[in-house]
Amino acid sequence: MLFSDQIQQEIEPVWQASIQHPFVKEIGEGTLPLENFKFYIMQDAYYLTHFAKVQSLGAAKASDLATTKKMNVHAQGTYEAELSLHETFSKLLNITEQDQRVFQPAPTAYAYTSHLYQAAYQGHLGDIIAAILPCYWIYHDVGEALKDKQPEEPIYQEWLNAYGSEWFKNLVKEQINHLNEIAETVTPAERERMKNHFVISVQYEYMFWDMAYHLEQWPGDII
Ligand SMILES: Cc1ncc(CN)c(N)n1
């Protein structure tokens, strides 16, 4: 069995719960309150900004120039495709400069990005790809699960189109293949470490939906 399938199976219940999370379901049905989506978009812009830097750390840790280029193309894609989509949403959702000024990453967004940096700074390219792969793969599966949905809210339709696209599918395939290639060249202990990064990221993906669904706050903002 492929390494990617092995590690995905280890965390299958959380994977499925993520795809069926109420936040995701309500996007498909068009019933998610825009307040929650606005919260998600702001947190996700923070997340993606750091995600692109982690992709670039992957480029820096690659052992050949072709891989460096590939990882940089992925970082560029995060900027051009995903973050620019966020800029469009920011206008539609009326995210103001004041919103941006007072923005704080929520606990889960902060913890998830910290996990990615931890994997990136302490590990090699295989650790980085293992940690960032759930970000690609789960959104791809969400795009597939909701591909026949036609939410009335145009913002949700556009979001679904992005993650159900051929472009996104190809990026996911490329990273899965890359992970499997690296897994064949490393020691069992390194594979175990890669699996742990992957499993933690899968759990953070679930927590990220949950964060936006419940408008997660720091205790200091409530008490
Ligand atoms: C938290 C999160 N994970 C994944 C994706 C899809 N790249 C995203 N935009 N945000």
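I began with a helix pair in this predicted model, and found that the axes of helix α4 (residues 34-61) and helix α11 (residues 188-213) come within 8 Å and cross at roughly 130°. Since angles over 145 degrees would count as roughly antiparallel and 65 to 115 as roughly perpendicular, I noted α4 as oblique to α11.

I then looked up which residues make this contact, and listed N36, F39, Y40 and Q43 on the α4 side, which meet M211, A212 and Y213 of α11. Sorting the residues of the contact of α4 with α11 by character, I wrote down five nonpolar and two polar, with no charged residue among them.

Next I turned to the secondary structure of the whole protein chain, where I counted twelve helices and zero strands. The radius of gyration came out at 17 Å, close to the 17 Å that the globule rule gives for 223 residues, so I recorded the protein chain as being as compact as a globular protein of that length. For the outer dimensions, I noted that the C-alpha atoms fill a box of roughly 50 × 40 × 30 Å along the principal axes.

I also checked burial and contacts: buried residues make up 35% of the 223 residues in the protein chain, and of the contacts with a separation of 6 or more, 81% join residues 24 or more positions apart.

Finally I consulted the UniProt record, an unreviewed entry, whose annotation "domain: Thiaminase-2/PQQC" covers residues 9-213. In the model I found that span to be 83% helix and 0% strand, with its end C-alpha atoms 26 Å apart.

Technical notes
Residues numbered from 1 in each chain as written. Predicted model: local features only at pLDDT ≥ 70, side-chain atom pairs only at ≥ 80, totals over all residues. Helix = DSSP H or I, 4+ residues; strand = E, 2+ residues; numbered from the N terminus. Rg over C-alpha atoms; globule rule 2.2 N^0.38 Å. Buried ≥ 20, exposed ≤ 12 C-beta atoms within 10 Å, placed from the backbone. Contact = placed C-beta atoms within 7 Å. UniProt positions renumbered as here; feature names shortened; annotations may be inferred. Axes fitted to C-alpha atoms, helices over the stretch in contact; angles between N-to-C directions. Parallel < 35°, antiparallel > 145°, perpendicular 65-115°, else oblique. Nonpolar A, V, L, I, M, F, W, Y, C, P; charged D, E, K, R; others polar.
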